[in-house]
Every structure is written in C-alpha cells, then in structure tokens.
Amino acid sequence: MATVNFFVKGTTNPSRINIRFVHSRSIDITANTELVINPKFWDHKNKRIRNVIEVRNKDEVNLMLSKMQIFIVDEFNNSYIKGGIIDKQWLAKCVSLFFNRPSSEDSFKVKEEEVYLTSFADHWIKQIAPTYKVKANKFMDSKTIRHYIILNNILKEFEGKNKIKLTEVTSKSMDDLSIYLSTRNYSESTIKRMIVRMKFFCARAEETNLVVNKNYKERVFVKEREVEFKEPYLNVSEITKIFQLEIKDPVIDAIRDNFIIGLWTGLRISDFLTKLDISNIGNDIIEIQTTKTGHKVAIPIHAQVLYTLQKRNGNLPPKVLEQHFNREIKLICKECKINEEMLGGKTTISIDPTTKKEVKRKKVDVFKKYELVTSHICRRSFATNLFGEVPNSVIMAVAGWKSEKQMLDYNKQTNIESAMILKKYWDEKKIN
C-alpha cells in the first residue's frame, strides 16, 4: 500500500520539511519539499505543523501538505500505468510540478524565460522565431518578428519593475494592458492586435510545457473608439485623375505608375512594389503567390495598368523604397486636388511622457484626404470600388481573401454612397 508522509530532521532552525513515499517493499524514496519550519514547531506524530500561534501560516502549509499527499498518489498511478521509473528523481519532479516550479530550477537558480512573460518572449524571438513555421514551407518573416518585438517592448513598459509571471497572465491583466494602451492613444484595432500577440506568446510557452495560467485564453473586450471614422479610399474618378496627371520627373512618374498598379490589382505593397515581376504577367492576367498569406491569385489587367506597361515597352515601372513611395503618393494626390476634408486617423510622432521615448500614435482629427493616403489605400480602394459591381465571391478570389468578412472589412463606402448605389439599382430596374 502506498503511503505519503512528511518529516523534519535535525534541530537547526529553519529546517526543511521532507517528503517520503513508500509503496510495498521495493519503493521507499524521499525528497525535499523546500518548505522550511522551526523544528520545535513540528509535530512528529501527526507529521504536520503544530497548532501554535508563532507560525502564522500553519493552516495554509498544513493544507498544502495534505493536497500534496493526494497529488503524489495520483502522479504515482499515472506514472506506473505508463511504465515510468519511480525513483528519487521522480519524487523530486512531482514536488516541483505540484508547486509549479520551473523545470530548469536547480537550488533556486531559475531560467527567467521559464517564469516571466517578457523574458520568455525575448528568448522566443531570438531563439525560435527565425525558424518558426507559419505554414508548411514558410517561416515567420522579419517584418512579423519586428511586430512581436514591438509588442514585447510595450509589455516591458507596461509591467515596469513588477515583471509579469506566465502564471499571472489572466484576462484581467490583458484588460489592464488594453486600458494602458488606450490612455496612450493607441487605436482600437492596434490594441486588439497587441492582445492577440500577447496571447500568442502564452500559447507558445504552453507548447513548451511551461506552466501558464489558462485564463489567458479568455476573451478580452477592447474599449471602442469614442469617435468612429472610416479609412479613406480613392474612387474611380480620383484614380483617373492620378492616372492622367502629367509628371515630368521619371522617378515620381514611376511611383505614380506603381500606385496605379496597386490600385487596380488590390495587391499589398509587399507584392506590387517588391515581388511583382514581368514573369507574373501573361495573357492579360497577373498571376502571383502573395507574400503575406501565400495565396495564389489571378488578376485581370486593367486598362490603366496595361498602359503603364506599354509606355515602358512591356516592362514594369522601377521599384522604390516603401517609405519613399508613401511620401510621394501623398504629394501626387495633393497635386490632383484630392483634398476633401474628412475625419480620419493620421500617424504622428511624439515623446511619451513616461518613457521619454519617441512613439508613433494615430491622431484622430479632420484632415485633407491626401494627408491620409498610404500604400494600404490601394487594396482598400480596389475592394470598395468593386463592391456591389461584381459578386463578392469574385472580389474575394481575385484579391485572395479567405472569408467574406475579411473582404467586407475593406469596403469603405459611407452610408450615403451605399444608398446611392441602391438608388441607381432601383432606377435601372425601374423598381417603384
């Protein structure tokens, strides 16, 4: 019959409380619990701390010892069934597992990445991220890794001197992070991405058999932005103005032509400005495997895109750096008088009063439309201009969206614009 008891040896104060596991004649092993007590307060007969006022946490410790007894017996049954070796090392491991101690612990020399969230994140980013597979034949790219580095830096600012343990990550701590980010003017969508990335680190830690609070999986509600606005898109008339703009500088002309390609293909900038090659074009169709998702898409060549190719004897316009592209397309739109005033979010650079570091924030205000133009307006405009004109399934297939919800997120028509489309439909169908 298996028995689990506790004992204290010697008279040195403090002394360790030891555990002894006995089963039949073949198993008689001991280990340290690492709990300590003044030996004069130990009841050797009942194998518990005596009921004395000097030991303030005696009830908690005695309850813990009782729970450990049950735990050790359960672990023995599990190990015995699976053919595990029951020895002193096994018992010591059971004690560590009961107390949720880090697996690397050796006389309390602990690897911080097995205990603290940000330490684990640092370790994961440096040691695992470069070889972490996001798909069968694709590793996590450097841009995505940078996003996780940014998140971890924010977490370090958030936790300050009180480092967050993996066992302490709960929905409440993520709520607190959400509030923290809101007070620093991060947008709702950015906060949601940060929470998802925080959960990502918890999941990776759990995969490596570290002890993580299961509560991290709970849903977190992010406070909605008090002032709502739609991200801008360029309508067909505005795109035509850009296409027809006379530009003498060959570098700016190339940027404009790349802009037109992005607007009429719906590709991300990582594809139309970096990856797209003339070999991807044939029979008036662009076929390309997208960088971000790995989807293979086929996109018909729009007349304006065809013209940009013909004016270069069938070649694509020269590539430029993304920063240069984003800067110049604002000026191109300004030159085309795309200056309608609208509510929007514009990234600004400021100094965080707490950390004294330079930070980027999205400022919500009324801006001229050209001020809000970035490369992502290409994909947004592509979806919005086609919405209602062709079946949603066609837009999804051409642009590589997995779900209709993803596609609809890119539709930036206002309520009035949607109403006018419906009115046009009724007028054409003569529906009274």
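Start by selecting Y307: in this predicted model, Y307 is partly exposed, at 45% relative accessibility. Now add F243 to the selection. The ring centres of F243 and Y307 lie 5.5 Å apart. Their planes meet at 80°, so this is an edge-to-face pair. F243 also counts as partly exposed, with a relative accessibility of 22%; the cut-off for buried is under 20%.

Next, colour the helices to see where this pair sits. F243 belongs to helix α7 (residues 236-244) and Y307 to helix α10 (residues 303-310). The two residues are 64 residues apart, so to speak of the pair as a link between distant parts of the chain is fair.

If you would like to keep going, a search of the whole structure turns up 17 aromatic pairs. For another one, select Y132 and F200: their centres are 5.8 Å apart, with 85° between the planes, again edge-to-face. This pair, too, links distant parts of the chain, 68 residues apart. Y132 is in the loop between α3 (117-127) and β6 (133-135), while F200 is in helix α6 (residues 188-207).

Stay on F200 for a moment. Is F200 buried or exposed? F200 is buried, because its relative accessible area is 15% and the limit is under 20%. Show R204 as well, and you will find R204 over the face of F200, 4.5 Å from the ring centre. Then widen the selection to W124, Y132, Y148, F200 and F201, which form one aromatic cluster.

For a last stop, select Y233 and K369. Here the charged end of K369 sits over the ring of Y233, 5.6 Å from its centre.

Note on methods. Residues numbered from 1 in each chain as written. Predicted model: local features only at pLDDT ≥ 70, side-chain atom pairs only at ≥ 80, totals over all residues. Heavy atoms only, no water. Phe/Tyr/Trp six-rings, centres within 6.5 Å; stacked < 30°, edge-to-face > 60°. Helix = DSSP H or I, 4+ residues; strand = E, 2+ residues; numbered from the N terminus. Buried < 20%, exposed > 50% of the residue type's maximum accessible area, 1.4 Å probe, protein only. Lys NZ or Arg CZ within 6 Å of the ring centre and 35° of its normal.
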